[in-house]
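Trainee: I'd like to learn how to read a structure feature by feature. Can you walk me through one?

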Amino acid sequence: MASSGAHPEADNQQALERIAEELRSARTATVLCHVFPDADTLGSGLAVAIALKRWGVPVQVSFGEPLGLPEVFAELPHSELLVSPDAVAAEADVVVAVDSGSADRLGILADRMSGARTSIVIDHHRSNTRYGSINYVDPSADSTSMLIARLYDCLGETIDADVAHCLYAGLVTDTGSFRWCGPEAHLLAARLFGTGIDAPAITRALLDTHPFGRLAMLSAVLGEAQLVPDAADGQGLVYTVVRVQDMAGLPEDERETVVDIVRTTGEAEVAAVLKQLSPGRWSVSLRSKQSVDVAKVAKALGGGGHARSAGFTAEDDTAEHIVAAIVRELG
Ligand SMILES: [Mn+2]
């Protein structure tokens, strides 16, 4: 399955062309986004689905968890293509997983990959396990939506304003509002602007709009933050814990915004946010600035991700055990 060719770029171009062919000949299709979806997986998934819909191919888009689309994504074009996981056909001609580094990240929908004539993986996570029959994985890409733009070009399909809205959503969020990205991200952004999208409004809706209740949550959660100066060989770890009760009355995705504040701590190379999903069940976000590979740490603890942004889930009654495991893996 994994390509062992001497020319990964050429192999990848070939994979992209095969994906375009398979999509062109699909009779039915399912597009899978990762659990607890972000704007990159949803924008990428919807953009793939829009192309299929244009050609009259019946297509469903879904993600395994949580039930229902988080409010923040309500304005993404063609979100009516999203269906709940139990409504996803058991078998489809072509199944496409977007922005999901492993089959695990598809949650309860992981089995749909094996129910496909062709299973396709399009992703930019370095830790990608290449779990499709065709895998287009480019860790040098700043977002999966960037790869979907290449797919549109390969297909010769027009990126109209609806598609551009979806792609920009993934691009602006995965690049931290273009704070960490290469020139291709800026070039793509300029091209997407050219379709007439209201980019500032898309950014505001996705990144700069929060309920009032978030302020009290942040006050509680940030007040509990701890600094471990000795961790990561003296480069420092900062962490905090978001418990179920901190999130009372708030949409679940507000939990994901905490790490972006915690990670700005100057005294720590690594930031961790332990998010309690239910008693004993945790989702952990890891971030680093420039030297520590947090994907390695996440992988050692059963997760994955990028060198500067990764995560894992854990079953444990106490947050302290999870912090201890992170500190141990950081060395
Ligand atoms: Mn992504």
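Trainee: Let's start with α11. Which of its residues are exposed, on the other side from the buried ones?

Mentor: Glu320, His321 and Arg328 are the exposed ones there. Keep in mind that this is a predicted model.

Trainee: And which residues of α11 are buried?

Mentor: Ala319, Ile322, Val323, Ala325, Ile326 and Leu330. The general idea is that an α-helix has 3.6 residues a turn, so residues three or four places apart point the same way. Now the case here: looking down the axis of α11, the buried residues fall within an arc of 160°, so they line one face of the helix.

Trainee: What do those buried residues pack against?

Mentor: Quite a list: the helices α8 (231-234) and α10 (294-300), plus the strands β7 (237-242), β8 (270-278), β9 (281-288) and β11 (309-315).

Trainee: How does the length of α11 compare with what it should span?

Mentor: Take 1.5 Å a residue: the 12 residues of α11, 319-330, should span 16 Å, and the end C-alpha atoms sit 17 Å apart, which agrees. Right after α11 comes glycine 331, with a positive phi near 80°.

Trainee: Which annotated feature does UniProt place at residues 247-326?

Mentor: The UniProt record, an unreviewed entry, has "domain: DHHA1" at those positions. In the model, residues 247-326 are 25% helix and 32% strand, with the end C-alpha atoms 24 Å apart.

Trainee: On to the metal. Which residues coordinate the manganese ion?

Mentor: Three aspartates and a histidine: Asp40, Asp99 and Asp174 through OD, and His124 through NE2, at 2.2 to 2.4 Å. Written along the chain, the donor spacing is D-x58-D-x24-H-x49-D. Aspartate 40 is in helix α2 (residues 39-54) and aspartate 174 is in helix α4 (residues 161-174), so this pair ties together parts 134 residues apart in sequence.

Trainee: Are aspartate 40 and aspartate 174 buried or exposed?

Mentor: The cut-off for buried is under 20% relative accessible area. Aspartate 40 has 0%, so it counts as buried. Aspartate 174 has 19%, so it is buried as well.

Trainee: What about aspartate 11, how does it count at 22% relative accessibility?

Mentor: As partly exposed. Aspartate 11 lies in helix α1 (residues 8-24). For a sense of distance, aspartate 11 and glutamate 254 are 243 residues apart in sequence and 39 Å apart in space, C-alpha to C-alpha.

Trainee: Let me try a strand residue. Where is threonine 30, and what does it touch?

Mentor: Threonine 30 is in strand β1 (residues 29-33). Leaving aside residues up to four places away in sequence, threonine 30 touches Gln60, Val88, Ala92, Val94, Val95 and Val96. Its relative accessible area is 1%, so threonine 30 is buried.

Trainee: Now zoom out. How many helices and strands does the protein chain have?

Mentor: It comes to 11 helices and 11 strands. The radius of gyration is 19 Å, close to the 20 Å that the globule rule gives for 331 residues, so the chain is as compact as a globular protein of that length. The C-alpha atoms fill a box of roughly 55 × 45 × 40 Å along the principal axes.

Trainee: What share of the residues counts as buried?

Mentor: 52% of the 331. As for contacts with a separation of 6 or more, 64% are between residues 24 or more positions apart.

Note on methods: Residues numbered from 1 in each chain as written. Predicted model: local features only at pLDDT ≥ 70, side-chain atom pairs only at ≥ 80, totals over all residues. Heavy atoms only, no water. Helix = DSSP H or I, 4+ residues; strand = E, 2+ residues; numbered from the N terminus. Expected span 1.5 Å × (residues − 1). Buried < 20%, exposed > 50% of the residue type's maximum accessible area, 1.4 Å probe, protein only. Arc of directions from axis to C-beta. Contact = heavy atoms within 4.5 Å. UniProt positions renumbered as here; feature names shortened; annotations may be inferred. Donors = N, O, S within 2.8 Å, 3.2 Å for Na, K, Ca; no water. Rg over C-alpha atoms; globule rule 2.2 N^0.38 Å.
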